[in-house]
Amino acid sequence: SRAEDTAVIRGYFPVDGSEQKISEILIKIARLPQFGLDPGSGELKIVEVRDEDWEESWKKFFVAQHVTPDIVVVPTWEEYTPPENEIVVSMDPGMAFGTGSHETTRLCCELIEKYIKQSDKVIDVGTGSGILAIAAEKLGAKEVVAIDLDPIAVKVARQNVELNNAGRVEVREGDLLEENTGTADLIVANILKEPILKLIPQVYETLEPEGLFICSGLLPEHTPDVVEALEEKSFNVLETPDLNGWSAVVAEKL
């Protein structure tokens, strides 16, 4: 076991040019005392990792998991026979955020399941791997627009939409709601506090009267600021649930 005062920093970089990187790291470790930091032994350990090991090893940690009692996210490489009436979202997240394991994803899925209506048009802002958009479609949304700024996420989300035969989901590359999305009955954004605050005026303009905004990616201490910003924009905050140190907010447009 390591001593409590020992810090371990791990980094990954391509083999090409690695000798120069190692030299730079050693030089910078030697300079740490100039900044009042004791590098101790300054031990540097190099291990080569093959791409195929990296790409495949993480998959052992992604297994079928229930994000709500009735919604289960299943990796494409796992066989799973669902009980009757269970909603299955098949998923290969690739390099995009979203396997269903994160608390904010679970919170958003629970809230979408609670509030969605069969006639709703839904917009998922920052869709990542597409979990929330696909879940909304499988829960009966008549139309879903999934938006992400990251072209890799857009590619992954489109593949997952096709994998799930989620024909009512359209994936777009764009920044928040600056795309011409039309109006919506429900908007979900599992992102971060600052983008959510920036998004609130756009959400208000995009939502139909009595439309709902579900947002997460928040720490509990962020919730009051988001609630205040929503109330200032004439939203009625319905609930602010927490799960394992993360929070979500549900608000209705007045």
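The following paragraphs describe the fold, the sheet and its covering helix, the nonpolar cores and the aromatic pair of a predicted model.

In this predicted model, the secondary structure of the protein amounts to 7 helices and 11 strands, and the C-alpha atoms occupy a box of roughly 65 × 45 × 35 Å when taken along the principal axes. Of the 254 residues, 41% count as buried. Among contacts between residues at least 6 apart in sequence, 59% connect residues that are at least 24 apart.

An open sheet is built from 3 strands in the order E1-E2-E3, with mixed pairing. Because strand E1 (65-68) and strand E3 (87-91) stand at the edges and each has a single partner strand, one side of each is left without a neighbour in the sheet. From one strand to the next, the twist averages 30°. Strand E1 and strand E2 (residues 71-75) run antiparallel and are joined by 3 bridges; together they form a hairpin, with 2 residues between them. Within this hairpin, Thr 68 has Ile 71 of E2 as its bridge partner, while Gln 65 stands opposite Val 73 in E2.

Val 73, which is found in strand E2, has a relative accessible area of 0% and is therefore buried. Residues up to four places away in sequence being left out, Val 73 touches Phe 62, Val 63, Ala 64, Gln 65, Val 67, Val 89, Met 91, Thr 99, Gly 100 and Ile 131. One of these contacts, Thr 99, lies 26 residues from Val 73 along the chain, and the C-alpha atoms of the two are separated by 7.4 Å.

Another of the residues touched by Val 73, Ile 131, belongs to helix H4 and is buried there. Helix H4 lies across E2 and E3 and runs at about 150° to E3. Because 7 of the 8 residues of helix H4 (residues 131-138) are buried, the helix is largely enclosed by the rest of the structure. The buried residues of H4 are Ile 131, Leu 132, Ala 133, Ile 134, Ala 135, Ala 136 and Glu 137, a list that includes the acidic residue Glu 137 as well as nonpolar ones. Just after H4, a positive phi of about 115° is adopted by Gly 140.

In soluble globular proteins, nonpolar side chains tend to be buried together. In the present model, the largest nonpolar core comprises 37 residues, and those with the most contacts inside it are Ile 112, Val 169 and Ile 214. When its neighbours within four places in sequence are set aside, Ile 214 is in contact with Cys 108, Leu 111, Ile 112, Leu 186, Ile 187, Val 188, Ala 189, Val 249 and Val 250. Apart from this core lies another, of 25 residues, which includes Val 125, Ile 191, Ile 200 and Phe 213.

Ile 191, a member of the core of 25 residues, is found in the loop between strand E7 (184-190) and H6. Ile 191 counts as buried because its relative accessibility is 18%, the cut-off for burial being under 20%. Residues up to four places away in sequence not being counted, Ile 191 touches Val 125, Gly 126, Leu 176, Ile 196, Leu 199, Ser 216 and Gly 217. The C-alpha atoms of Ile 191 and Gly 128 are separated by 9.5 Å, although the two residues are 63 residues apart along the chain.

A pair of aromatic rings is described by the distance of the centres and the angle of the planes. The structure holds 1 aromatic pair, formed by Tyr 204 and Phe 235 in an edge-to-face arrangement, with 5.5 Å from centre to centre and 80° between the planes. The pair links distant parts of the chain, since Tyr 204 lies in helix H6 (residues 193-206) and Phe 235 in strand E9 (residues 235-239), 31 residues apart. Tyr 204 and Phe 235 are both buried. In addition, Lys 253 lies over the face of Tyr 204, at 4.5 Å from the ring centre.

Methods:
Residues are numbered from 1 along each chain as its sequence is written. This is a predicted model: local features need pLDDT of at least 70, side-chain atom pairs count only at pLDDT 80 or more; totals for chains, interfaces and linings use all residues. Side-chain values use heavy atoms; hydrogens and water are left out. A nonpolar core is a set of buried Ala, Val, Leu, Ile, Met, Phe, Trp, Tyr and Cys residues joined through side-chain atoms within 4.5 Å. Buried means under 20% relative accessible area, exposed over 50%, partly exposed in between (1.4 Å probe, protein chains only). Contact means heavy atoms within 4.5 Å. Rings of Phe, Tyr and Trp (its six-membered ring) pair if their centres lie within 6.5 Å; planes under 30 degrees apart count as stacked, over 60 as edge-to-face and the rest as tilted. Helices (H or I, at least four residues) and strands (E, at least two) are DSSP runs, numbered from the N terminus. A charge sits over a ring if NZ of Lys or CZ of Arg is within 6 Å of the ring centre and within 35 degrees of the ring normal. Two strands pair if DSSP finds at least two bridges between them. Axes are lines fitted to C-alpha atoms, for helices over the stretch in contact, and angles run from 0 to 180 degrees between N-to-C directions.
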